[in-house]
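Colleague: I've got a model open and I'd like to learn how to read it. Could you walk me through a few features?

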Amino acid sequence: MAANLVFAAEAPTLEDPSGFFGVLANAAEWFIGLFQAGGEVFLGLVTGIIPLLVVLLTAVNALIRLIGPEKIDKLGEYAARPGLVWYPVRYLVLPVLSVFFLTNPMAYTMGRFLPERYKPAFYDSAVSFVHPITGLFPHANPGELFVYLGIAAGITTLGGNLGDLAIRYLLVGMVVILIRGIVTEFITARMMARRTVTEGASA
């Protein structure tokens, strides 16, 4: 036993490299650590959000089949009608359903049913809704889920309720897209009228 103690006492100890080699060693550790952290995040996604997204996408596709794609397309044709009464349909109902059913970026294709003067406003509404919907329905925009998760992380740290956050996020988003759609339609109409006047004067 005494011999073992002597051997342990005489065992050489390695010191961390210093100077140029120390910098290289630290850089190598940082480089590997970066990929290790990425692997941990990926593992968390595989065991957490990815199965949820797969199930949600499957459910939404089944719902589309049950409702019938032609009925969803019909809504786009109704939204193309002029008049104030169709504003909520065009810039609230249609964008919300488009983003929910078709997800980002396919949701923008619903604008094909609208006249040219409404397309910029519809796009503005739809593209503004791809983040507010992720709190309750992450399948709609999984590629940019980090936007909502960043907000949720702060609320979780403060001890807030994520369900309440998701609902408020969704409702505020719906109000904002309606306002943006109406304002953008007004701006588009003014710009198209100005272009018509300019082309008439040059002719």
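Modeller: Sure, we'll go through salt bridges, a helix, some odd backbone spots and a surface patch. Keep in mind that this is a predicted model.

Colleague: Let's start with charges. How many salt bridges are there?

Modeller: The general idea first: side chains of opposite charge can pair when their charged atoms come close. Here the count comes to 4 salt bridges. One of them joins Asp124 and Arg180, with N and O 2.7 Å apart. Asp124 sits in helix α6 (residues 119–129) and Arg180 in helix α8, so this pair ties together parts that are 56 residues apart in sequence.

Colleague: And is Asp124 buried or exposed?

Modeller: Asp124 has a relative accessible area of 12%, and the cut-off for buried is under 20%, so Asp124 counts as buried. Its partner Arg180 is partly exposed at 38%.

Colleague: Which salt bridge stays inside helix α8?

Modeller: That's Asp164 with Arg168, at 2.9 Å from N to O. Both lie in α8, 4 residues apart, which is about one turn of the helix. Asp164 is partly exposed with a relative accessible area of 37%, while Arg168 is exposed at 54%. There's also Glu116 with Lys119, whose closest N and O atoms are 2.9 Å apart. Glu116 counts as exposed at 55% relative accessibility, and Lys119 as partly exposed at 26%.

Colleague: Okay, now a helix. Which residues of α7 are buried?

Modeller: Leu145, Tyr148 and Ala152. They cover an arc of only 70° around the axis, which puts them on the same side of α7. On the face turned away from that buried side you'll find the exposed residues Phe146 and Thr157.

Colleague: How far does α7 reach from end to end?

Modeller: It covers residues 145–157, 13 residues in total, and its first and last C-alpha atoms are 18 Å apart, close to the 18 Å expected at 1.5 Å a residue. Just after α7, Gly159 takes a positive phi of about 85°.

Colleague: Where should I look for unusual backbone geometry?

Modeller: The general rule is that most residues other than glycine have a negative phi, and most peptide bonds are trans. With that in mind, go to the loop between α5 and α6, where Thr103 is found. Thr103 isn't a glycine, yet its phi is positive, about 65°. Thr103 is also buried, with a relative accessible area of 15%. Then check the peptide bond from Asn104 to Pro105, which is cis with omega near 10°. Pro105 is found in that loop between α5 (87–102) and α6 as well.

Colleague: What about the surface? Which residues form a nonpolar patch?

Modeller: Val175, Ile179, Val183, Phe186, Ile187 and Met191, with about 580 Å² of accessible area together. Take Val183 as an example: it lies in helix α8 (residues 162–202) and is partly exposed, with a relative accessible area of 41%.

Colleague: Which residues does the UniProt record annotate as "transmembrane region"?

Modeller: The unreviewed UniProt entry gives that annotation to residues 41–64, 84–101 and 169–187. In the model, residues 169–187 are 100% helix and 0% strand, with end C-alpha atoms 26 Å apart. For residues 84–101, the end C-alpha atoms lie 25 Å apart, and the span is 83% helix and 0% strand.

Conventions. Residues numbered from 1 in each chain as written. Predicted model: local features only at pLDDT ≥ 70, side-chain atom pairs only at ≥ 80, totals over all residues. Heavy atoms only, no water. Patch = residues over 30% accessible without salt bridge, like charges linked within 9 Å, V, L, I, M, F, W, Y side chains within 5 Å. Areas by Shrake-Rupley, 256 points an atom, 1.4 Å probe, with all protein chains shown as cover. Salt bridge = Lys/Arg side-chain N within 4 Å of Asp/Glu carboxyl O. Helix = DSSP H or I, 4+ residues; strand = E, 2+ residues; numbered from the N terminus. Buried < 20%, exposed > 50% of the residue type's maximum accessible area, 1.4 Å probe, protein only. Expected span 1.5 Å × (residues − 1). Arc of directions from axis to C-beta. UniProt positions renumbered as here; feature names shortened; annotations may be inferred.
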